[in-house]
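Reader: Hello! Could you take me on a close look at one part of this structure, the place where the two chains meet, and then show me how the rest connects to that picture?

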Protein chains: 2
Amino acid sequence: MTPPRSRLTPERESELYGAVLDLLREVGYDALTMDAVATRTRASKATLYRQWGSKPELVAHALRHDKPLHMGDIDTGTLRGDFHAMVELSDDSRMERDCALMRGLAHAVHDNPDLLTAFRELLVEPEVTGLHGVLTRAVARGEVAADNPALKFVPHMLVGAFTALPLIEGRDVDRAFLAEYVDAVVLPALGV
Amino acid sequence: MTPPRSRLTPERESELYGAVLDLLREVGYDALTMDAVATRTRASKATLYRQWGSKPELVAHALRHDKPLHMGDIDTGTLRGDFHAMVELSDDSRMERDCALMRGLAHAVHDNPDLLTAFRELLVEPEVTGLHGVLTRAVARGEVAADNPALKFVPHMLVGAFTALPLIEGRDVDRAFLAEYVDAVVLPALGV
């Protein structure tokens, strides 16, 4: 009988998540196996399954771990300031990696309901909630009308920028593009 | 020696393109082979290569063939009318199929420069040109300021709607969504 194992250290967890994301970028979601993660990280598959339950949950946790943006913490006093603080929080190489992940996941998310659920709960909803805080404060300050119909489409506008640019211009999003897009599209759509 | 073959009939060409798109939705771009197309359509590989040169060109032509929207022909007299005419030209099942194709291609387009080139020349640029006509007429009518910074992002807003909705809401774009998005986001961003 093996002794009960303690939870993984935060360092070890980070290392595992990093390996999962590397594999995801290299081979895509479908070809990513728990075996490959176990081999790459020299962990046992039993540990992986005990800790995360399933491949979609492991992948979603790895994605969430890699995304330390906390939009809800941003509060500069103006909506334009908040959006640009958000852009500043990121950097070009991170955006390039995010684009690679979205590409790698777009098909997989559609074909795997478990991954879609994990992806939405861990990645989409916290960001939508953070964004909601930023927008709620803008409405409270009177910057945006409470019934502005673009309010509910702000996540779509932002995610859309990331996914459309590679298809239209053949290049990944960077900070300069996103800052320009916020000023030219997102704020005017909100009447700011 | 085989006799020189005449060009394919339009019906046969349509049939071939349909088979290519079916395969693309079923297996994705990477797993789509000229062999599989030849088998599915009972054509010879020699015919496929003589007619289209390469897999990326064949795929791009098939995509272009499936997309008979001619935005450049739309001219209702107002920008809002033109956008909604564009939405009306499509239908929900077609949008669902377009979403499936964009998902299937997003990764492939990034990893295959030839496909990206064919995809942009045959699919993106004609649409951007058509859209440019619609927007140019709106500027000429005085509906949109010539220096409105959102003008150059209209393709991004529209493509973004298609790619973001499945990730954020787990569903494909339909006509009702697109009509609402045009009114809530695209037109206000343009100051209309």
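**Where chain A meets chain B**

Author: Happy to. The side chains of B:Glu180 and A:Lys152 meet in a salt bridge, with N to O at 2.6 Å. Please keep in mind that this is a predicted model, and that every value here is computed from it.

Let us stay with that pair for a moment. The salt bridge crosses between chains: A:Lys152 sits in the loop between α7 and α8 of chain A, while B:Glu180 belongs to helix α9 (residues 175-189) of chain B. Are these two residues buried or exposed? A:Lys152 counts as partly exposed because its relative accessibility is 49%, and B:Glu180 also counts as partly exposed, at 36%. The cut-offs behind that wording are under 20% for buried and over 50% for exposed.

Now for the surroundings of the pair. The rule finds two salt bridges across the interface of chain A and chain B, and it also finds four residue pairs in polar contact there, with both residues at pLDDT 80 or more. On the side of chain A that touches chain B, four helices each supply at least two residues: α6 (92-111), α7 (113-140), α8 (154-169) and α9 (175-189). Which of them gives the largest share? That is α8(A), with 12 residues. By type, the residues on this side of chain A divide into 22 nonpolar, seven polar and six charged.

The totals for the contact fit beside that list. Chain A brings 35 residues to the contact and chain B brings 35 residues. Between them the two chains bury about 3300 Å², and 71% of this area is on carbon and sulfur atoms.

Stepping back to chain A as a whole, there are nine helices and zero strands, so the helix numbers used above come from a count of DSSP runs that starts at the N terminus. The C-alpha atoms of chain A fill a box of roughly 65 × 35 × 30 Å, taken along the principal axes. Buried residues account for 49% of the 192 residues in the chain. Of the contacts in chain A between residues at least 6 apart in sequence, 70% join residues at least 24 apart.

One residue that shows such packing is A:Val87, placed in helix α5 (residues 79-89) of chain A. A:Val87 is buried because its relative accessible area is 2%. What is A:Val87 in contact with, leaving aside its neighbours within four places in sequence? The list is A:Met95, A:Arg175, A:Leu178, A:Ala179 and A:Val182. In contrast to those contacts, the C-alpha atoms of A:Val87 and A:Leu48 are separated by 34 Å, with their positions 39 residues apart along the chain.

That brings us to another part of chain A. UniProt, in an unreviewed entry, lists residues 33-52 of chain A as "DNA-binding region". This span is 80% helix and 0% strand, and its end C-alpha atoms lie 14 Å apart. A little further along the sequence is A:Lys55, in helix α4 (residues 55-65) of chain A. A:Lys55 is a charged residue, yet it is buried, with a relative accessible area of 18%. Its side chain reaches the backbone oxygen of A:Leu32 at 2.8 Å. Leaving aside neighbours within four places in sequence, A:Lys55 is in contact with A:Tyr29, A:Asp30, A:Leu32 and A:Met34.

Finally, back to salt bridges, this time beyond the interface. Over all chains, the structure holds 18 of them. One is formed by B:Arg12 and B:Glu15, whose closest N and O atoms are 3.4 Å apart. Both residues lie in helix α1 (residues 10-27) of chain B, three residues apart, which is about one turn of the helix. Another joins the side chains of B:Asp75 and B:Arg137, also with N to O at 3.4 Å. B:Asp75 is in the loop between α4 (55-65) and α5 (79-89) of chain B and B:Arg137 is in helix α7 (residues 113-140), so this pair ties together parts that are 62 residues apart in sequence. B:Asp75 is partly exposed at 48%, and B:Arg137 is partly exposed at 24%. In chain A, salt bridges that share partners join A:Glu169, A:Arg171 and A:Asp174 into one network.

Technical notes
Residues are numbered from 1 along each chain as its sequence is written. Chains are lettered from A and ligands numbered from 1 in the order in which they are written. Side-chain values use heavy atoms; hydrogens and water are left out. Contact means heavy atoms within 4.5 Å. Buried area is the accessible area (1.4 Å probe) that two parts lose on being put together, summed over both. A salt bridge is a side-chain nitrogen of Lys or Arg within 4 Å of a carboxyl oxygen of Asp or Glu. A polar contact is a pair of N or O atoms within 3.5 Å; within protein, one must be able to donate a hydrogen and the other to accept it, and residues adjacent in sequence count only if both atoms are side-chain atoms. Buried means under 20% relative accessible area, exposed over 50%, partly exposed in between (1.4 Å probe, protein chains only). UniProt positions are given in the numbering used here, feature names are shortened, and annotations may be inferred rather than shown by experiment.
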